[in-house]
Every structure is written in structure tokens, then in C-alpha cells.
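Let's take a friendly look at how charged side chains pair up in this protein. The structure comes first, and the notes follow it.

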Amino acid sequence: MPPPRPTRILLGVSGGIAAYKAAELIRLLRAEGVELRVVMTAAAQAFITPLSLQALAGGEVRCDLLDPRAEAGMDHIELARWAELVLVVPATADLMARLAAGLADDLLTTLILATTAPVVLAPAMNHRMWRHPATQHNAALLAARGVRLLGPAEGDQACGESGPGRLLEPAEILARILRRPQGPLAGRRALVTAGPTREPIDPVRYLSNRSSGRMGYAVAAALAGRGSRVVLVSGPTALGPPAGVERIAVETALEMQAAVLERVATCDLFVGAAAVADYRVADPAPEKLKKGAAELGLRLVRNPDILGEVAALARPPFTLGFAAETERLEEHARAKLAAKGVDMIAANRVGGETGGFEREENALLVLWRGGRRVLPLCPKPLLAESLVDLLEERFGAQAASQDP
Ligand code: PMT
């Protein structure tokens with residue numbers, strides 16, 4: 001279920017030209033009846049004064065960690081506890097780097113380390129700073145820790161250049177944090193698979209692959225953000241479950257198949273992002289295999305094709321499969337789209353220098369009957385948002401065409 005609407009928001013403002021837009025956001029949040037506490041970094045005060053934000057927020061604006069007078073009132077730990085949501089607008093490249101490193105070198109970063117409330121960042125910076133691998137790495141790291149990123153948007157920038165790095169408009173930020181999602185995916189049931197499967201050889205060894213689960217977890221989180229009720233069937237990963245998502249942990253392809261088939265009948269949407277082993281060991285040894293002969297053969301048998309089975313149901317949900325390819329990406333992905341009978345397929349290159357398995361970033365070529373779209377390389381959480389935008393379009397179009 002989507003998280004409840006926050007009534008107490010701690011608004012952080014860091015130092016970029018877009019800091020002036022925090023004033024408009026404060027006005028909009030107060031008009032919604034939200035109680036606000038505002039914290040500014042030193043750099044933010046070069047762009048807008050604490051006095052301006054204080055007048056709009058209707059309360060003191062905090063700027064210093066080591067301020068005995070302010071700490072005698074609500075100290076920073078109390079402030080961190082008070083917040084139901086921490087929202088940083090704008091979040092600069094520097095702030096994101098400090099958060100990713102876990103620094104607590106000013107009041108805002110200290111509060112973010114100390115809070116248990118959800119943290120939402122609205123990044124804004126020059127497009128080259130946003131695209132820099134260091135910023136992309138920090139964005140992916142923060143997203144993997146559960147921080148939600150809103151934007152940035154693409155377009156003309158204050159520096160006279162154009163590209164991704166604009167702050168989302170305050171009204172859009174407000175809508176994303178306060179309004180219940182209304183799109184075609186809101187209230188729908190989604191089943192997502194993610195991660196690798198492990199196919200036992202003996203009680204201590206297994207066959208598996210390089211999937212980290214990041215891509216599938218990011219899709220599950222993005223769907224939950226659109227108001228879908230998401231169940232994530234996950235192979236073994238090091239990731240925590242995304243907020244608002246029910247996770248079912250499995251190990252083998254057969255376990256994943258059983259977990260999916262048990263739930264799929266009531267689902268509107270199925271996303272197969274898991275890297276399911278195509279084969280399993282026919283007869284796993286009951287005891288640890290001993291080293292002996294110079295060669296050892298394993299007899300493998302085919303695993304079920306979970307995605308294919310879901311798409312072949314009499315009343316299938318809308319199905320989005322993935323295709324992991326090392327060569328001839330589009331050709332192989334088109335063949336899988338047809339062979340598995342799915343509604344959409346998201347193809348990614350694996351085994352290269354960028355994207356695919358294990359990495360924090362990825363790029364996708366999405367195909368459906370009569371259409372294709374390229375989603376360029378970016379951190380998996382942002383890529384998942386673009387993929388779910390597309391899913392919303394295609395799923396919405398199909399649902400509209402089926403309405404009596
Ligand atoms: O987890 P990450 O490290 O973030 O990496 C992401 C990813 C590369 C794993 C992901 O983006 C991806 O491509 N997932 C699908 C991997 C895969 O198994 O691709 P495939 O081309 O072999 O399979 C095609 C589709 O059939 C997939 O949707 C797969 O889930 C499904 N399948 C495959 C085999 C099988 N036995 N059952 C299936 O359901």
C-alpha cells in the first residue's frame with residue numbers, strides 16, 4: 001500500500017540556483033496544512049536568505065549544527081525524530097556526495113543520518129555534473145539505501161545549457177509526495193520477479209548467475225510509487241525489500257515458479273526481471289561431493305520458463321519480460337517477444353563494460369508489437385521510473401481498449 005500522507009515534513013535546502021524554488025514549495029506545502037521545519041546548508045544561504053524562508057514557513061529556519069540556543073529548544077535528534085518525511089529541495093551534487101559517504105558535517109547531513117523517516121531528494125545541478133560517474137554512483141547508492149529521488153527533469157538550465165539536471169517544478173514535487181497516485185497502475189496488483197536463482201549441485205554448492213536483483217527491485221519500488229500493490233518474488237540478493245512491497249524469498253527456479261503460479265491469477269501485471277537459471281542439476285547429491293576424479297560431469301535438465309507459462313495462461317496479466325543478451329540485442333529480444341508471447345520486452349546488454357548484471361546503471365531497449373523505445377544508460381532506480389512510465393502508457397492503452 002502507498003505510504004500515508006506525511007503531516008510533518010523536514011525540508012532541507014542545499015546550495016544551488018534552484019534554492020529559490022524552495023520558497024514556492026514551502027508556500028504550497030503550508031497551503032496543504034503540512035507542518036514544516038526548514039534546515040538550510042551554508043551554501044543555500046548564498047542563494048536565498050533564511051529570513052525569506054522563515055517568513056513563508058511560519059517558524060524558525062535552522063542552519064547550524066553547533067548552535068547552543070537552537071539546540072536548547074528542539075535539538076537535532078529530536079528534530080530528526082519529529083519528521084515524518086525528510087525532503088531536500090534542491091539536492092546538489094555536493095549534498096548527494098556527502099550523504100552517500102555518510103558524512104555528518106552540517107545540520108542537514110546529520111539529521112538525515114539520524115532520522116528513521118523516509119528521505120526524498122529532488123536533485124538539481126548542471127547536466128554534466130548530473131551525468132558525471134561520481135554523481136551517478138552516488139544517486140544509485142542512495143537509491144539502493146531506500147532514498148527516493150524525484151527527477152531531475154530535462155530542459156534549459158540556468159547556466160544556459162540544456163540537459164537533465166533541472167529541479168522538478170514545486171507543484172510536481174508536491175503532487176509526488178502528497179497526492180495518492182492516480183494513474184492506470186494505481187490500485188493494480190503487480191507481481192515482479194528479481195535476482196538470480198540458485199540450483200543446488202550438493203548441499204554446499206550451486207549453479208547461479210551474476211544478477212544482483214537491483215533492476216527488479218527498482219521496478220518493484222517504482223510500481224509501488226505509482227500506487228500498485230506489489231509482490232516481489234526474489235532470488236537470493238543482498239538488498240532490503242523496497243518500502244511498501246511484499247517480498248517472497250525463494251532460491252531455485254522451481255521455487256520461483258511455484259511462488260509465481262500461486263499468486264499470478266489475481267494479478268493485473270507481471271514483470272519478469274529475474275535471471276532464472278534455464279537448467280538445474282538433474283540429481284543434486286545428498287552429501288557434499290568429494291574431490292576425486294580429474295573430471296566431473298553434471299547432468300542438467302531444463303527449468304520451466306516462468307515468464308512463458310504466465311503469458312500462456314488463459315487469462316494472463318499484462319506481461320513485461322526482460323531479455324539479457326551479449327550480442328544482436330534487438331534481434332534476440334524480438335524473437336523472445338514473439339516466442340514467449342509477452343506484451344513487452346525490455347532488452348539489456350549483459351557482459352559488457354557498462355550496464356546489465358551487478359552494475360548500478362543500465363540501459364534498455366523496450367519492444368512491443370508495433371513499437372520500440374530506447375531508455376538510455378542511467379542509475380537503475382531512474383531507469384525503472386522511465387520503464388514504468390512506458391508500462392503505464394502501454395498497460396493504460398490495453399486496459400482502455402478492453403473496457404466495455
Ligand atoms: O539483477 P541485476 O544485477 O540488476 O541485473 C539485471 C538483469 C540483467 C538480471 C535484468 O535486467 C535482466 O535482464 N533480467 C532477465 C535475465 C534473464 O534471465 O534473461 P533471459 O533473456 O535469459 O530471459 C528472458 C525472460 O524470461 C526474462 O524475463 C526471464 O525472467 C524469463 N525467464 C527465463 C528463464 C526461465 N527459466 N524462466 C523465465 O521466466
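## A buried arginine and its partner

R62 is buried in this predicted model, with a relative accessibility of 8%. That value falls below the 20% cut-off under which a residue counts as buried. The side chain of R62 meets that of E71 in a salt bridge, with N and O 2.7 Å apart.

## A pair at more accessible positions

E60 and R69 also join their side chains in a salt bridge, at 3.2 Å from N to O. Here E60 is partly exposed, at 39% relative accessibility, while R69 reaches 60% and counts as exposed.

## A link across the sequence

Which residue forms a salt bridge with E32? The partner is R5, and the closest N and O atoms of the two are 3.0 Å apart. E32 sits in the loop between α1 (21-31) and β2 (35-40), whereas R5 belongs to the segment before β1 (8-13), so this salt bridge ties together parts that lie 27 residues apart in sequence.

Both ends have some accessible area: E32 is partly exposed at 26%, and R5 is partly exposed at 38%.

## A network and the overall count

Salt bridges can also be joined up, as a group of four residues shows: D94, R98, D105 and D106 are linked in a network of them.

How many salt bridges does the structure hold? The total is 27, and the pairs R62 with E71, E60 with R69 and E32 with R5 are among them. As a general point, side chains of opposite charge can pair when their charged atoms come close.

How values were computed:
Residues are numbered from 1 along each chain as its sequence is written. This is a predicted model: local features need pLDDT of at least 70, side-chain atom pairs count only at pLDDT 80 or more; totals for chains, interfaces and linings use all residues. Side-chain values use heavy atoms; hydrogens and water are left out. Helices (H or I, at least four residues) and strands (E, at least two) are DSSP runs, numbered from the N terminus. Buried means under 20% relative accessible area, exposed over 50%, partly exposed in between (1.4 Å probe, protein chains only).
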